[in-house]
Structure formats: C-alpha cells, structure tokens
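The exercises below are to be worked with the sequence and the coordinates at hand. Each task is followed by a solution that goes step by step.

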Amino acid sequence: MTCDLTLRDVRSVARIVNLAHRFNCRTTQIAVRAEATVTASFAFAGPDAALLRLRAQIDRIVSYEANAT
Amino acid sequence: MTGAQAVVEALERAGVETIFGYPGGAIMPLYDALYEHRVRHILVRHEAAAAFAASGYARTSGRVGVCCATSGPGATNLVTGLLDAMMDSVPLVAITGQVRSELMGTDGFQEADVCAITQPVTKRNMLVTDVNHIGASIAEAFAVARRGRPGPVLVDIPNDVLKARTDGNVASERREAGGAQARVSDAAVRDAVARIRSARRPVAIIGGGVRAGSAGLYRMFAAMLGLPHAATINALGAAAPGDPNYLGMLGMHGLKAANKAVQRADLLIALGMRFDDRVTGKPDRFARDAAVIHADIDATEFGKIVAPDVTLHGDLADTLRALIDELAREHVPRFDDWAAEARLMGGALPSDRVENDGLSATGVLDQLFAAIPDDAIVTTDVGQHQMWAAQRARPASPRRYATSAGLGAMGFGFPAAIGAAFANPAVPVYAIVGDGGFQMCLPELATLRRYDVPVKIVLIDNQNLGMVRQWQELFFSARYSATNLADNPDFVAIARAYGIDAHAITAPAHAADTIARFVASRGPALLHCACHPTENVWPMIPAGMTVDDLMEARA
C-alpha cells in the first residue's frame with residue numbers, strides 16, 4: 001500500500017510509522033519533505049486487513065490535522 | 001504580561017471558569033498567575049483525578065474540561081485520562097508545564113517528552129516554544145477539542161516560556177482556520193430513508209455521538225417511527241424517559257431484548273456509535289441479516305468493524321434533522337408491531353441468588369435508582385457495578401450519566417463525579433463505585449471535603465475485583481488469582497477521617513432506610529454497601545460471541 005500525504009505536523013510521520021508497526025505492517029519506504037507543509041510518501045507491506053486498519057488510522061490523523069473532524 | 005498570565009487570559013477568553021490540577025516545579029508560574037485570577041483552580045490529590053474530573057465536567061456540561069499538571073510525572077499521570085477522553089470523544093484541554101527550554105534533552109529533573117508520549121492519546125498536542133504563541137495555541141487547543149469528533153488536546157509549555165514577557169496581542173491574532181465540516185449528503189439521506197421505508201424489522205442504535213447535543217432530535221426520530229431502539233453505554237439517557245420502545249443498553253452485559261432485537265433486525269440504523277467489540281461480540285455474526293445505515297461525524301469509523309450499506313457522514317444533529325425532514329415528505333412508516341414483538345424478547349433482568357441473606361448489589365442498586373431524583377447525575381467506575389448500573393439507570397439525558405466506557409479506566413468514577421458537581425452545582429451527583437476502583441482515588445475524599453462538594457458516593461464493596469473474579473469463575477476454572485480484596489480497609493472510618501459523612505448497609509433489611517437517609521443527607525456522603533462477594537453480572541455474552549451464546553446464570 002502506498003500513501004502520498006500532505007501533513008501539517010512532521011511528527012505525524014513518526015506516528016504513522018509507529019502505527020504500521022503496531023498493526024504488524026512494515027514500512028518499506030518513506031520520503032518526506034518538510035517545508036511550510038509536509039509532504040510524505042509511504043509504502044507499507046502487511047496483511048490486507050492490517051493495511052486497511054492502518055489506512056483508516058492515517059485518514060484519521062490527516063483529518064484531525066486538517067481540523068475537519 | 002507573562003506567558004503564564006497569557007495562559008490564564010486565554011483560558012478566560014475560551015470561557016473557562018474551572019480547571020482541575022496539581023502544582024509542581026515547572027508549572028509554578030501558571031499557579032502564580034492563577035493566584036489572583038477569576039479562573040477557579042480545583043486542587044485534586046493526584047493528577048489522574050484532575051483529568052478524570054475534567055472529563056466528568058465536560059461529559060455532563062458539554063463544555064471543554066480543563067486540567068493542568070507539572071512536567072514529568074505530573075504530565076504522565078494525565079495520560080490515562082487523556083486516552084479515556086480520546087476513546088469516549090470527550091473535549092478536554094490539558095496544560096502541562098515543561099522543564100526550562102535549555103534543560104530539554106538533558107534528562108533534566110522531572111523532564112519527560114510529553115508531546116511524544118501523548119501523541120497517540122490526543123487529537124493534537126503542541127509544545128509552545130515562543131511566549132507570543134501562547135494565546136493562539138490555547139485558542140487552537142479549544143477549537144480542536146470541540147470541533148467535529150471531540151477529544152483531548154495537550155499544550156506543553158516550558159517553564160521559561162511561562163515566565164517570559166509578552167504583550168499578549170500577537171497571541172490572540174493567530175487563529176487557525178478550521179477545515180470544512182462534513183455535511184451529510186442528501187443522496188445518502190434519501191437512500192437511508194428509502195431503506196427505512198422498506199424495512200420490516202429496523203432497530204436504531206444510538207451511541208456516544210448523541211452527547212454532543214442531539215438527544216431531542218433522536219427522541220423525535222425514534223418516536224415518529226415507533227421503532228425499537230437500543231443504546232450503547234455512552235448513550236444512556238438518549239431515549240425519552242418512559243419510551244416503551246427503548247430496549248435498554250446492548251452489548252456484552254446489555255439487556256436481552258436489546259441484543260435479540262438487534263440480532264433479528266433487517267435494518268440497523270447506527271447513529272454516532274462505533275461498533276465497539278463489547279457491542280458486536282463477533283462482528284461477522286453480529287446482526288447478520290441486517291443492512292446497515294451508519295451515521296457518524298468521523299468517516300474513519302465507516303467500515304472499521306461493520307461494513308455499512310449507507311453512510312451518513314456529518315454532525316449527528318444535522319443527520320437526524322435531515323432524516324426527519326426526508327421521512328416527513330411522505331407517509332411516515334410505523335413499526336409498532338415489530339417494536340411490541342421486540343419488547344417481548346426480554347423479560348426481567350436475571351440476577352444471582354445471593355446466599356445466606358447476604359446483601360445483593362443489584363438489590364441495592366434497584367433501591368438506589370428508585371430513590372434518587374430523576375434528574376440526578378450518575379457517574380460510575382469500572383467493573384461489575386458499572387454494568388449493573390448501566391442495566392438499571394434511566395438518566396434524564398446523556399449528560400446525566402458519565403462512565404469510562406471505551407477505555408474502562410478504574411478510578412474514573414469518583415473524580416468524574418467531582419468534576420460533574422462543579423459543572424452542575426444545582427444537580428445531585430451520585431458516584432457509584434466498586435471497592436477496587438475507589439481505592440485508586442481515595443485521596444480525592446480530601447478534595448470533596450475541601451470544597452464541600454455534595455457528591456454522594458455509593459460504594460459497592462464485594463471484597464473482590466468483581467468483574468475479573470467473575471471471568472475467573474466462568475472462563476479460568478475458578479482459579480481466583482489476585483482478585484480477592486477480603487482485607488479491604490474500613491471505608492466508613494476512612495471517609496469519616498476525611499470529614500465525610502458515612503452510612504453503611506450490611507444486611508438487606510436495613511437497605512431501604514439507610515438509602516433514604518443517605519439520599520436525604522446534605523453535603524458529601526459515603527454509602528458503604530457490604531455486598532455478597534460472588535454475585536455475577538447477568539446476562540452476559542462472552543467476549544467474541546453473539547447473543548446466541550448469551551448466559552443468564554452459572555452453568
């Protein structure tokens with residue numbers, strides 16, 4: 001699974017990596033550019049169900065960052 | 001002004017009247033600023049109680065609860081309360097002192113990387129490194145805590161930043177523009193209503209989302225359809241008092257009618273709830289014949305546990321209003337016959353036979369709920385008493401009941417009641433607690449005494465960590481490992497030592513009179529109930545199973 005994210009807080013990159021570990025997924029690639037906003041690209045490997053859960057949690061992080069939820 | 005004064009001014013601008021906290025080295029400048037300010041600080045006796053009290057304040061008022069603590073251990077003691085607020089979507093702002101900027105990273109005295117520690121248990125946290133950003137950071141914290149799905153936010157401020165001087169004006173200018181709130185889709189509403197119209201056995205489940213202020217609309221929605229409905233533990237009080245179609249709490253220790261009706265449903269209307277495992281048991285066998293309409297403000301809840309057929313993404317009040325309006329466009333379907341059938345699936349709550357005339361906890365709670373005022377606030381701790389209370393309570397609104405539902409944090413109930421009492425000074429507040437959880441927060445009796453908070457504590461003392469004991473009996477071959485509390489202290493003497501009035505029930509014959517005296521008493525009081533040690537909570541759906549596996553008594 002790959003994710004290209006625009007984040008507000010670069011610390012969320014660490015949070016996402018920790019979540020992947022928690023869900024028994026491997027973070028196989030990260031590319032981060034932290035300027036006024038943070039753009040981050042991730043690649044994850046793991047069981048389908050875990051990746052689905054990881055994606056939902058990433059969506060929640062992005063949503064909280066965007067202050068929409 | 002100083003940074004600390006800017007914090008207090010920002011709290012005032014946010015409408016804060018009361019905060020709960022405990023001082024310490026790094027946060028001393030804030031306490032100095034509070035010394036001569038209108039924001040009222042309530043000194044608790046452990047930082048964990050500050051977070052739980054703030055939660056009780058928020059849960060029963062709809063306002064943001066505020067707690068504060070010093071760096072290091074003070075801040076880490078808040079963590080459980082922050083996670084509790086995260087799990088139950090409670091708006092909370094925690095302000096923590098941090099060691100001086102120059103000491104950060106040196107393993108300084110009482111230093112902890114609180115932002116890293118609390119990242120998974122907050123919606124957002126922030127380390128304020130510039131005194132000019134204090135006001136904006138506090139304002140942002142309140143906005144994030146309230147907005148959308150509510151939750152906790154932590155603001156960590158180094159000691160030198162609290163002491164630094166600011167003109168205070170820069171801070172208030174930098175306001176964050178919030179993202180657009182989701183507005184429920186008209187097409188989804190039409191789809192949902194079409195499914196309701198064609199359903200034969202619809203059941204509504206209301207969840208904690210109702211606490212944001214949509215109980216009135218929910219009651220209107222349930223009444224216009226006449227459909228059976230159930231609540232998660234976070235939504236007790238959502239149903240209209242006396243509504244015959246309300247089947248009670250569902251889930252592991254939910255009422256039989258609620259669980260059976262949900263299992264037989266052909267349509268679930270899930271409103272502001274998240275299909276917790278204590279509700280679903282085994283998701284792939286949960287309500288397996290039902291289509292699912294799922295309404296929530298947090299889109300990441302959709303499909304997390306149960307795959308919905310229709311999603312209604314938005315604020316629950318807006319969603320209910322849209323559903324009601326759409327239903328009213330044409331003939332409104334009624335489900336009275338199905339509701340009557342669902343009501344008959346229940347019957348009386350099963351209870352354990354209590355041997356040798358021992359005091360039954362369920363008997364005490366039945367009498368207590370009959371005796372307390374209808375509009376009373378009830379908080380509970382975690383364990384058997386929590387489930388017995390949830391099965392029996394009929395709070396007047398969702399803001400009249402507070403319990404640590406998602407996290408199940410023992411030690412919550414008593415400090416949460418203190419917070420609730422500060423938020424609702426004219427409302428009687430009862431904390432129903434067990435002997436295990438109460439001993440996690442006993443020192444808060446001093447808080448009760450100092451502020452003369454009229455919280456009534458009902459202590460269900462079965463000399464056991466009862467819920468764990470029950471599971472050991474049922475699922476671990478009665479090997480009772482570390483659950484026996486037969487050496488409990490004399491709780492009545494402890495309460496009196498703190499200057500709290502105390503009553504005791506030791507036998508069923510005394511219960512009614514003692515409860516009446518306790519309820520009628522003025523000021524804070526403890527009611528100690530020496531209950532039978534092996535009474536179990538029934539019914540019970542064992543973890544990971546369904547209502548088909550429901551137990552109503554020991555095998």
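Helices, of at least four residues (H or I), and strands, of at least two (E), are taken as DSSP runs and numbered from the N terminus. The model is a predicted one.

**Exercise 1.** Determine how many helices and strands chain B has, and how its radius of gyration compares with the globule rule.

*Solution.* Counting the runs gives 23 helices and 18 strands for chain B. The radius of gyration of chain B is 24 Å, close to the 24 Å that the globule rule gives for 555 residues, and therefore the chain is as compact as a globular protein of that length. Along the principal axes, the C-alpha trace of chain B spans about 70 × 60 × 40 Å. Of the 555 residues in chain B, 58% are buried, and among contacts with a separation of 6 or more, 77% come from residues 24 or more positions apart.

**Exercise 2.** Describe strand 5 of chain B, its side-chain directions and its pairing with strand 6 of chain B.

*Solution.* Begin with the general expectation that side chains in a regular strand alternate between the two faces of the sheet. In strand 5 (residues 124-127) of chain B, Arg124(B) and Met126(B) point one way, while Asn125(B) and Leu127(B) point the other way, and all are buried. Next, take the pairing: four bridges join strand 5 of chain B to strand 6 (residues 152-158) of chain B in the parallel sense, and Leu127(B) stands opposite Asp156(B) of strand 6. Finally, add helix 7 (residues 134-146) of chain B, which together with strand 5 and strand 6 of chain B makes a right-handed β-α-β unit.

**Exercise 3.** Establish the strand order of the open sheet of six strands in chain B, and identify its edge strands.

*Solution.* The order in chain B is 14-13-15-16-18-17, with parallel pairing. Strand 14 (401-402) and strand 17 (501-505) of chain B are the edge strands, since each pairs on one side only. As a check at one edge, strand 13 (residues 377-380) and strand 14 of chain B run parallel and are joined by two bridges; Thr379(B) has Ala402(B) in strand 14 as its bridge partner.

**Exercise 4.** Which residues of helix 21 of chain B are buried, and what covers them?

*Solution.* In helix 21 (residues 466-475) of chain B, the buried residues are Gly466(B), Met467(B), Arg469(B) and Gln470(B). Seen down the axis of helix 21 of chain B, they fall within an arc of 160 degrees, so they line one face of the helix. Their cover includes helix 17 (384-392) and strand 15 (429-434) of chain B. After helix 21 of chain B comes Ser477(B), with a positive phi near 55 degrees.

Conventions. Residues are numbered from 1 along each chain as its sequence is written. Chains are lettered from A and ligands numbered from 1 in the order in which they are written. This is a predicted model: local features need pLDDT of at least 70, side-chain atom pairs count only at pLDDT 80 or more; totals for chains, interfaces and linings use all residues. A residue is buried if 20 or more other C-beta atoms lie within 10 Å of its own, exposed if 12 or fewer, and partly exposed in between; C-beta atoms are placed from the backbone. The arc is that of the directions from the helix axis to the C-beta atoms. Two residues are in contact if their C-beta atoms, placed from the backbone, lie within 7 Å. Two strands pair if DSSP finds at least two bridges between them. The radius of gyration is taken over C-alpha atoms; the globule rule is 2.2 Å times the number of residues to the power 0.38. A crossover is right-handed if, with the strands pointing away from the viewer, the path from the first strand over the helix to the second runs clockwise.
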